[in-house]
Amino acid sequence: MALPTVEVLSEQLAAVSGATEVTPDAPIRHIPGVDSLDLMEWLYNFQNEHPDIPADESLFAELDDTTTMRDVYAKLVDLAPQPAEA
């Protein structure tokens with residue numbers, strides 16, 4: 001299954017957390033309504049939907065005041081299996 005867009009992943013985090021809005025470029029730690037439990041729930045859902053991408057809690061290991069969903073998305077892109085070359 002293809003990796004969803006960063007916008008879709010941000011919407012999923014908003015849905016899990018109950019946050020009014022999660023934009024891809026907003027620092028995660030400063031999004032009202034989003035906490036570490038929400039991130040783990042979002043990750044759990046992601047893992048279930050995308051078992052082919054070896055994402056784990058290390059996605060958030062270096063979370064600081066500037067980390068955004070776009071940063072998390074970049075890590076997911078790096079983890080996603082690459083299509084085989086012909």
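**Group meeting talk: a three-helix model**

Let me start with helix H3. Its buried residues are covered by, among others, H1 and H2. Keep that in mind. We will come back to it. One caution before anything else: this is a predicted model.

Now the overview. The protein has three helices and zero strands. Read from the N terminus, the order of elements is α-α-α. The radius of gyration is 13 Å, and the globule rule gives 12 Å for 86 residues; the two are close, so the protein is as compact as a globular protein of that length. Along the principal axes, the C-alpha atoms fill a box of roughly 45 × 20 × 20 Å.

How much of the protein is buried? Of its 86 residues, 36% count as buried. The accessible surface is about 5300 Å². Carbon and sulfur atoms account for 54% of that surface.

What about contacts along the chain? Take the contacts between residues at least 6 apart in sequence. Of these, 60% join residues at least 24 apart.

Next, the core. In soluble globular proteins, nonpolar side chains tend to be buried together. Here the largest nonpolar core has 23 residues. Which of them touch the most other members? They are Val22, Val34, Trp42, Leu59, Met69 and Leu76. Helix H1 spans 6–17, helix H2 spans 36–49 and helix H3 spans 69–79, and each supplies at least two residues of this core.

Look at tryptophan 42. Leave out residues up to four places away in sequence. Tryptophan 42 then touches Leu9, Gln12, Leu13 and Val16. It also touches Leu59 and Phe60. And it touches Met69, Val72 and Leu76.

Those last three bring us back to H3. Which residues of H3 are buried? Met69, Val72 and Leu76. Seen down the helix axis, they fall within an arc of 60°, so they line one face of H3. The general rule helps here. An α-helix has 3.6 residues a turn, so residues three or four places apart point the same way.

For contrast, take aspartate 78. It also sits in helix H3. Is it buried or exposed? Its relative accessibility is 67%, so aspartate 78 counts as exposed. Its C-alpha is 9.4 Å from that of isoleucine 53, which is 25 residues away in sequence.

Now the start of H3. Threonine 68 is in the loop between H2 and H3. A side-chain oxygen of threonine 68 comes within 3.2 Å of the backbone nitrogen of arginine 70. The threonine 68 side chain also reaches the backbone oxygen of proline 24, at 3.4 Å. Threonine 68 is buried, with a relative accessible area of 7%. Beyond four places in sequence, threonine 68 touches Pro24, Asp25, Ala26, Pro27 and Ile28.

Threonine 67 is in the loop between H2 and H3 as well. It is buried, at 10% relative accessible area. Where does its side chain reach? To the backbone nitrogen of aspartate 64, at 3.0 Å. Setting aside neighbours within four places, threonine 67 is in contact with Ala26, Pro27, Ile28, Glu62 and Val72.

Let us cross to the other loop. Aspartate 25 lies between H1 and H2. With neighbours within four places set aside, aspartate 25 is in contact with Thr68 and Arg70. The side chains of aspartate 25 and arginine 70 are joined by a polar contact of 2.6 Å. Aspartate 25 and valine 6 are 19 residues apart in sequence, and their C-alpha atoms are 9.6 Å apart.

One last residue: alanine 19. It is found in the loop between H1 and H2. Its relative accessibility is 9%, so alanine 19 counts as buried. What does it touch, leaving out residues up to four places away? Ala14, Ile31, Pro32 and Val34. Glutamate 49 is 30 residues away along the chain, and its C-alpha is 21 Å from that of alanine 19.

To recap. The protein has three helices, and each of them supplies at least two residues of the largest nonpolar core. The buried residues of H3 line one face of that helix. Aspartate 25, from the loop between H1 and H2, makes a side-chain polar contact with arginine 70.

Methods. Residues numbered from 1 in each chain as written. Predicted model: local features only at pLDDT ≥ 70, side-chain atom pairs only at ≥ 80, totals over all residues. Heavy atoms only, no water. Helix = DSSP H or I, 4+ residues; strand = E, 2+ residues; numbered from the N terminus. Rg over C-alpha atoms; globule rule 2.2 N^0.38 Å. Buried < 20%, exposed > 50% of the residue type's maximum accessible area, 1.4 Å probe, protein only. Contact = heavy atoms within 4.5 Å. Areas by Shrake-Rupley, 256 points an atom, 1.4 Å probe, with all protein chains shown as cover. Core = buried A, V, L, I, M, F, W, Y, C linked by side-chain atoms within 4.5 Å. Arc of directions from axis to C-beta. Polar contact = N/O pair within 3.5 Å; in protein donor to acceptor, adjacent residues only side chain to side chain.
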